[in-house]
Structure formats: structure tokens, C-alpha cells
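This report walks through a structure for a reader who has not seen it before. Please look over the sequence and the 3D view before reading on.

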Amino acid sequence: MSNESTNNVGESDRHAHSSFGMGLTAQRLAVQGVFLLLFFGMILLAWNYSVERRELRVKISSLEQDLTQLQQVREQLDVANQSANEDQQLISNFLRLCRNVTDIPNWHCDRILASANGFENLCLFVPDGQHTLIIHARWTSTDYPDAEQSGREKTWRIPLQPHAGYWVNINTPSEGLPVGWVLSSNHPAFPSQRAVLPLANFSGNGMSQRSTKSIQYPNQIENSFRATQDPDSLLNSVDVFHLALHGEAIHPVAEDDRVMMDGQLEPTEIEFNMRIESDGPPVVAASDADKFYILKSPIQLNYLGKGMYGLERD
Amino acid sequence: MIRFEYDGRAREFSSSTWTWAMRFSLRSLIAWSMLVAAALLAGGGYYGVQKDRQRIKQLESEMEPLANSLLVADSRRHENLRHSLEGYAELQSLKQQAIQHAAAIRDRYSGIEKRGPDAFSIRRIPELRVDRSLDRRVFKLMVPETRQIWLKFAVHPSEARRGNGNKNDQYNDWLRSSPLTDSGPLQFQLPPGEQLLTIQEQQTDGWRAILLKVGEQTLFETRYLQVSTNGFSASISATEQVDVGPTQELPWLLSVEIEANSMNVPFSSDFSYSIWLSDKPSQFETMNGGRDE
């Protein structure tokens, strides 16, 4: 009994040991399985993150490159905008230093340079190409603003030599001459020209001047916003000079096919407007062209180089 | 635990368990280490991914306003910005040409002729303003040996100058205290012969420095903390030579209205300084002009 029992115990112990060993093996397998699952899971995750990071780093590097480029362009534009304003101011200052037509240099540029020097003078340079100076004068009697003004204005169209400097002087009463203009050039093939207005005894008591841009492309539009709203306002010319003289003068009176100058002194305003008409389409400077895109203008913009667009209506 | 009651097997069993336990410990140590390493690797990867994503967000947020300002979304408008740079390039070239030509114009108009033994002559030399912080006026003078010509500097309320025309010598209430660090009034007898007079204002760090020079000799220097400079006026604005005989009044050269900050005056007010020429000396101190440049 005791042997049996001992044997029984031994059997059960072996059995227990064996079943314990089997349990242990299963447990070990389970533990190992979990371990392997976790381990490889982690490895897989790490590998996945590493792959993702490689992609992200490529993206970061590309973004950093883009950002640097954008920053450089922004900086370049800011500096260029600021120095463009300063450069324009300096060029205007220079034009005002010129005292007569011989002071106007032989600029190497594609733009029209114009500056009023004092009230009575226009210092002008036109680049290569065909240009015409249009001088428009209008004299009105301010006592009778509603009176018939026909015959009280005149337009002169003067073809200019390309790539040359010009000087227009308005004869004003202070110089004791009849009111008119004198145009001279530093181009040897361009003779001086002059004209006077049919007014007698003009005595002035004031002048006013409207400023114009000193540096313009030929046919550069004056107001890009207006052009987007009203394509009919596009002109093939640029404004270069405005002067209004106020005073008194004797206006000519037509009588029996004769023009008489024996009338009374009338309060008079004389306006001089000068424009340069050039070959080619109206243009807009690239710095002003954005309005056409923003306002979705029907006008077509064709880039002509050197920062200007030619404008074409559909 | 019961199994320890049995001899032999139990010990045997105990020994095998211990061995297994020992083996398990080493294995588990390695396993845990590997697991921890893998976890760290994965964690590090996750942290790195998050960091990179944040960096991308940061870069994108930095790029957005820049891209908007540079109109990147609209290729035509973006291209237009590049075109405007091409337009500016020509302006730079024009600026360089202007600076070169200005030297020629300056040479052309810087000569002065002697017009008789008693005539004082003056002309303003054309000067291209290149540096916006520097405002300079240069005059060429011909001082006759037979006359005493005094250069004078004084500070006064702006209104006083306006009401005074060009009779500066008849005005007596010059200010000795003003926003200027040195208000004068001062005078300097110009030496005979051809002289170059420079009057300049230069902006540096909020201060505006006024400098008077004859030739290379600095006569006088003063400065003020600028709020604004209201107006400039100079009677000799033309570049033509002006001749002044002994019976004619010598010209005033410059009056500048300033608004300045100062500890010397209790309230902000308009001040002007004037620089003019005179045949007669005043009860002013002499500009020492002790410094040669």
C-alpha cells in the first residue's frame, strides 16, 4: 500500500512534473510568442516611423528650400522696391539740375525722361523709336467762361529725332516776350522751333503747374485702375508737362476777315499741355500691371521685356 | 511548494526549476532589453515623426504669408513680380548714369568770374542729392579784397524771420538757447578771394547735424534732435552767378524751420536758423573754426 501509494505518488509526481513541464512550455511559448509579437511589432513600428521620417525629411528639406527661395525673392523685391523709389527720386533730382539742352546727357535707356525745371522749362529725353511732341495750348477768357472758345486753342505736333534731349521753354510775361514756346534739341539734325499765341499784352499774376511722372515708358498709361475700368481711355501717349498762366490779355477779335487786337484786356487763363506720342501699343509698367490681373480686365497683357507689358484690347 | 517535501526528485525538480528560472532570467533580461530597445526605437521614431510633422507645420505657416505676398498661387501675377524686377534694373542703370553726368554738370557750373574790384559774387553749385540723409548746399564765392564780408549764423522763432524780410542785421532778439546744441549767434569774416562755402545738414541716429565749412575748414557745427524739418528756403537757388556791388544788400543764404526735441525749452515750438551774408559785423561771437579736416 505504501509502495503502491509511493508508486502512485511517484506516478502522479511524474505526471505532475510532466504536465507542469508541458504547462511551462506552453507558457514559455506564449510568453515567447507575445515577446516576439511585441518585439517585431516594435521593430516594424520603428521601421515604419523611420520610412515615414525619411519621407518627412525629404519634404522638410524641400519646404526649407522653397522657404529660403521665397525669403530671398521677398527680400530682393523689398530691396528692389525701395531702391527703385530712391533711384527714381535721384534721376528726377538730376533732371532738375539741367540748366539747358546741352546739359541733357545721352541716356542709355528705353524710357522717356521728363522734368519741369522751374515753371517755364521742360527738360526732356526721348529714347530710340518714333516720337512726336504734342503741344496743346488753350487760352480762355475767365470773364466769359461759357463763351464760344473755338479758335482759342491750338495744337502743334512736332516729330522728334530719336534718342535725343529736348528743352522746351515757355515764354512768360516775366521775360517780356509774347506768350509762346521755344523748342530746342541737342540732336544736330533738329532745328530749334518756336511759336507764339495770338494774344497781346499778356500780363501774368500767377502760374500753376501740375506735376507729371519723370520716368515713363513710351505710351505708358497714366492710370492703370482707370484703364481696367475704361479700356477706351487707353492712349498712345504720355503726359510730360502742364502749366497754367493766369493774368490779363487782349484777345484777337475777328472782324470782316481781319483779326483785330484792339480789344480790352480780359482776365485770361492760358494752359499748356505737352504729351509725347510714340509708336507701339499703350504699355503698363510691370509694377502697375497687377491691377489688371486682380480686376480681371479684358485687356490682354503681352510682356515686351524690360518690365513693361503691351496692352491689347480683345 | 509541496514538492520540496520529497527528497531527491523534489531537489532535482528544484534544481531544474532554478536552472530554468536562471535561464529565464537571462533570456528575459535579454528579451526585455531587446523589447525595451525596440520600444525605444519605435518611441524615438514616433517622437521624430511628430517633431518632423511639427517642423513641416511650422515651415508651412512661415511659407503661407510669404507665398501670399509673392502671389505664388497665381503664376501670372507671380511672374509679373519677376518682370517688375527687370524694370527696376534699368532704373539702377539710369541712376549710375545720373551720378556720372552730375559730376560733369557740377564742373560746368562751378566756375565764378571776378566782376570788378568791389563786386562780391556768389553762385550755387549744382549738387546731386545721392544720400537722402545728407542735404548739402555748396556756394562758390568771390570775396573782394576791398570789402569785409561776414558770414552769420543765428537761431530765432520762425515767425520773426518771416516778418523780417531779408533785413537780418536789423533784428536783435536772436535766441541763445534753443533745441540746437549751440545756438550762436556767430559770425565769421570770409577771407578774400575765391571761396567754397558748404552748408550741410546730416541725419544720424535721430540727430540732425548742421555743419558750416569754408573750403576744407569747419567753421561751426551744431545739432538738434529732429522731430520734423518744416521748410527750407534759400534766396540763392539759381546756379547763375549773382554779383553784389558795395551799395547793394548782401544775400541771405538759407533759413530752415525746425521742430525739435529739447531739454532747453519748456514746450515744443517752431524754431528757425538762418545763415546770411553781411557787410557789417554784429555783436556776435566769432566762429572759431578751429578744426581742419
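## Cores, contact and two loop residues

Apart from neighbours within four places in sequence, A:Phe241 has contacts with A:Ala114, A:Ala116, A:Leu122, A:Val168, A:Thr212, A:Phe272 and A:Met274. The model is a predicted one.

A:Phe241 also belongs to the largest nonpolar core, which has 52 residues. Together with A:Leu122, A:Leu124 and A:Val168, A:Phe241 is among the residues with the most contacts inside this core. The helix α1(A) provides the largest share of the core, seven residues. There is also a second, separate core, made of 36 residues. Its members include B:Ile122, B:Ile149, B:Ile199 and B:Leu250.

Chain B has 293 residues, of which 25% are buried. Its secondary structure consists of three helices and 12 strands. Among the contacts in chain B with a separation of 6 or more, 66% are between residues 24 or more positions apart.

Next comes the contact between the chains. It takes 56 residues from chain A and 54 residues from chain B. On the side of chain A that touches chain B, α1 (2-97) and α3 (286-294) each supply at least two residues. Of the elements of chain A, α1(A) gives the most to this side, with 37 residues. Sorted by class, the side of chain A that touches chain B holds 31 nonpolar, nine polar and 16 charged residues.

Two loop residues of chain A are set side by side in the table.

| Residue | Phi | Loop in chain A | C-beta neighbours within 10 Å |
|---|---|---|---|
| A:His163 | near 50 degrees | between β4 (153-160) and β5 (164-171) | 16 C-beta atoms |
| A:Asn219 | near 65 degrees | between β9 (215-216) and α2 (224-229) | 25 C-beta atoms |

For A:His163, phi is positive although the residue is not glycine. A:Asn219 likewise has a positive phi in a residue other than glycine.

Why does A:His163 count as partly exposed? A:His163 is partly exposed because it has 16 C-beta neighbours inside 10 Å, a count that lies between the limits of 12 for exposed and 20 for buried. Is A:Asn219 buried or exposed? A:Asn219 is buried, because 25 other C-beta atoms lie within 10 Å, and 20 or more are needed for a buried residue.

Conventions
Residues are numbered from 1 along each chain as its sequence is written. Chains are lettered from A and ligands numbered from 1 in the order in which they are written. This is a predicted model: local features need pLDDT of at least 70, side-chain atom pairs count only at pLDDT 80 or more; totals for chains, interfaces and linings use all residues. Helices (H or I, at least four residues) and strands (E, at least two) are DSSP runs, numbered from the N terminus. Two residues are in contact if their C-beta atoms, placed from the backbone, lie within 7 Å. Ala, Val, Leu, Ile, Met, Phe, Trp, Tyr, Cys and Pro count as nonpolar, Asp, Glu, Lys and Arg as charged, and the others, Gly among them, as polar. A nonpolar core is a set of buried Ala, Val, Leu, Ile, Met, Phe, Trp, Tyr and Cys residues joined through C-beta atoms within 7 Å.
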